[in-house]
Amino acid sequence: MATSPCSSSGVSSSSSSGLGADAGLEIRTRSVEQTLVPLVSQITTLINHKDKPKRSDKTLQAIQRVGQAVNLAVGRFVTVGEAIANENRELKEEMSVACIEARRAGETIAQLTDVASLDHPESDSHITIFTDKTGVVKAARLLLSSVTKVLVLADRIVIKQIITSRNKVLATMEQLEKVSSFQEFVQIFSQFGNEMVEFAHLTGDRQNDLKDEKKKARMAASRAVLEKCTMMLLTASKTCLRHPDCESARINKDGVFHRMRLALEQVIEIVTDSRPNGENEMPPISIYSGIKEFKNKVEGLRENLYFLSKENLSTMLEVILEHTEDFTDSAYTSHEHREHILELSKQAKMELEQLVSVWMQAQNQKSKDLMEDLEVAILKTCQCMNELKREVHSAATSLAADLLKYHTDHMVLKALKITGVEGNLEAVAEYTCKLSEQKEQLVEMCRLLRHVSGTEPLEITCIHAEDTFQVTGPQIISAAETLALHPSSKIAKENLEVFCEAWESQLSDMSVLLREINDVFEGRRGEKRVYLSLPRPGKHNANLKALKPVKLDTEEQAKIAKLGLELHLLTSDVDSETEKWEDQENEIVQHGQGMSSMAYSMYLFTRGEGLLKTTQDLFHQAEIFATEGTKLAAALQAFSDQVHSDDKPLLLLEAEKLIAMCKQLQITAKAPVQGKSATFTKVDACILKTRNVMTLLCQLLPLCCKLLRKNKAGNGCLKPAPPWREDRIRTGTNAHAPERRTETFGIKSLEHHVTNMTFLESK
């Protein structure tokens, strides 16, 4: 669904100032979104200044400086946009129009803010930001719309590069399929390798830039397929060339080409946001997401008894219980788990019947007793669903743990390699049957894990794993049959090794996936979550302080929106840094993730969203955040004992900084205040100091990771980059790479010119 650039950028303050933009433009990437942030901040500052009754000379000069800075930055920005337009004829007309609009809006803002030389800007005949209140809003709206349009058009060029690169890869693949000699194959495969590296560069950058986590996960899955299949394509093609009359070798090779084409197609679907033949993507429904939505509806009855029908609730429960049949019908579910799931399914139906009965009565007569009965029915229904979720999670994860442990020795694969080299067709047939059974077990495991994965990215990872086992199993079988038919063939042996390694690699990935699913279930990782460190409001809560709850009004939310947005961006940076650590159980990582989650809940508060409903909630959260920061500082001090003596002073210095900042935040959060103005000042101070701590955290995490890697002498805390990304890092530094020039000149250059503007802080 398309949204306005302002809302896509997450800049809620613009709406309060009357700013808007072209609603037909949807921002899908972080680079475009973050390029707009400083511009929106500058313009919002100008809009907020226009209504202030007292204007000192210093204020007038500051306003003029900002107006001029905006105009100059827009001028440089437009120059880059026009250069991009000249290099891309198909976008030239649209880009030129957007550039003209942006330049015109920038000049208008400069004129309206030309107030520093005026003694009385209100009474002068010269039209200014003070005399033409709607003029600056119109200019700001036009500027945001046109700048966003330029950025989105430049982004379209990146998409075009990916499509062009994909087309090159497909064309070369067709040549590879038709070759009949080794010499010709080697020449074409060399070209194919270079094209795949370039495609990997472009798609890797795009994956990192995507805002949608679901699309990012799908892109990662497709790129993983292409990476593994590149080596498979090499050995499968060589085997086919060496044994041209072997049917199993041909089947093996065809399977690789087919899978690569599907992966290439999926990448294009993601970057163009389209489906073949205009189909709508139907996301798979999991038990976890079904229960989550069902509980939200049930709990919504506390606020509104009429917002949905009893038929809707009954249908939602029916869908959930239908999915539980995947567990109860599975041959791999234990008898104990099956019985518990059936019992809980039956209980869920009974609890819903009771809830509906009380609910219908409450609609007709809102007595105190009925409302208390309704509350009890809601709690019992939700508790039953939680138990059902816990049971299916236990069933899926215990099955996965048992299977992964059982297959960790890879006995079937080892037997296939031995019997293949021996040319024992009968034994190979026996072990291929065992591999097929193993494949069915692992596929079933993936299907059940998807139901309890907890997040959409992990669901997609489960689906990808299922596809991998489905496809790789038959490919191992065809490779083993080829080796058994040609036992002395070195290339056939190498080919089987490659497919077996892919199977082993996927099993290893499943262990990581299982750990992540358990982490999400236990609330340690996964979706960006807010800390549940606050007491839930309700009549049974005896721990709530007897303080009058205070909420921020719309104007106050608008004032802290910029701070909140900066906090949001910092949480993303911290999350990116923590994801680079191989050891996710590291104390430093866990404290960092906890602080990021709490900072995110504070960001949601600035938007009037999330679990922090009142200012008292925010202050309590700030205290918890500061305590977590102090714990992180202690972990850093302990870690300093493990590093080289040369590095220790720097680490201890940063830890001392963190302690001081957290102490200041705690003092601010605990300080008593009275009155609306004082409360808002305290809110502003808490968020500002939280932002400063997060800024320091963004510097600390990579420093610690670097020191840990240095001390481990090569074993490192960073995840190893896949082979095709190593070249990407080297190539990315080459300013003369022709295929990369337009991209570097595009979004990055535009971003540079906008972010160079000087910020004016409201005082």
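**Figure 1. Contacts across the whole chain.** Take the contacts between residues at least 6 apart in sequence: 78% of them join residues at least 24 apart. Keep in mind while looking around that this is a predicted model. As for the building blocks, you'll find 24 helices here and zero strands.

**Figure 2. Inside and outside.** The protein has 763 residues, and 49% of them count as buried. On the outside, the accessible surface adds up to about 36600 Å². Carbon and sulfur atoms account for 51% of that surface.

**Figure 3. Helix α19 meets helix α20.** This view picks out α19, which covers residues 587-606, and α20, which covers residues 615-640. Their axes come within 9 Å of each other and cross at roughly 160°. An angle over 145 degrees counts as roughly antiparallel, so that is how α19 lies against α20. The crossing of these two helices, α19 and α20, is left-handed. Sort the residues in the α19 contact with α20 by class and you get 14 nonpolar, six polar and three charged.

**Figure 4. A closer look at Ala171.** Here we zoom in on Ala171, a residue of helix α6, which takes in residues 133-178. Is Ala171 buried or exposed? Neither, quite: its relative accessibility is 37%, so Ala171 counts as partly exposed, a label for values between the 20% and 50% cut-offs. Now find Phe192, 21 residues away from Ala171 along the chain. The C-alpha atoms of Ala171 and Phe192 sit 9.3 Å apart.

Note on methods: Residues are numbered from 1 along each chain as its sequence is written. This is a predicted model: local features need pLDDT of at least 70, side-chain atom pairs count only at pLDDT 80 or more; totals for chains, interfaces and linings use all residues. Side-chain values use heavy atoms; hydrogens and water are left out. Helices (H or I, at least four residues) and strands (E, at least two) are DSSP runs, numbered from the N terminus. Buried means under 20% relative accessible area, exposed over 50%, partly exposed in between (1.4 Å probe, protein chains only). Contact means heavy atoms within 4.5 Å. Accessible areas come from the Shrake-Rupley method with a 1.4 Å probe; for residues, only the protein chains shown count as cover. Axes are lines fitted to C-alpha atoms, for helices over the stretch in contact, and angles run from 0 to 180 degrees between N-to-C directions. Angles under 35 degrees count as roughly parallel, over 145 as roughly antiparallel, 65 to 115 as roughly perpendicular and the rest as oblique. A crossing is left-handed if the near helix is turned anticlockwise from the far one by less than a right angle, and right-handed if clockwise. Ala, Val, Leu, Ile, Met, Phe, Trp, Tyr, Cys and Pro count as nonpolar, Asp, Glu, Lys and Arg as charged, and the others, Gly among them, as polar.
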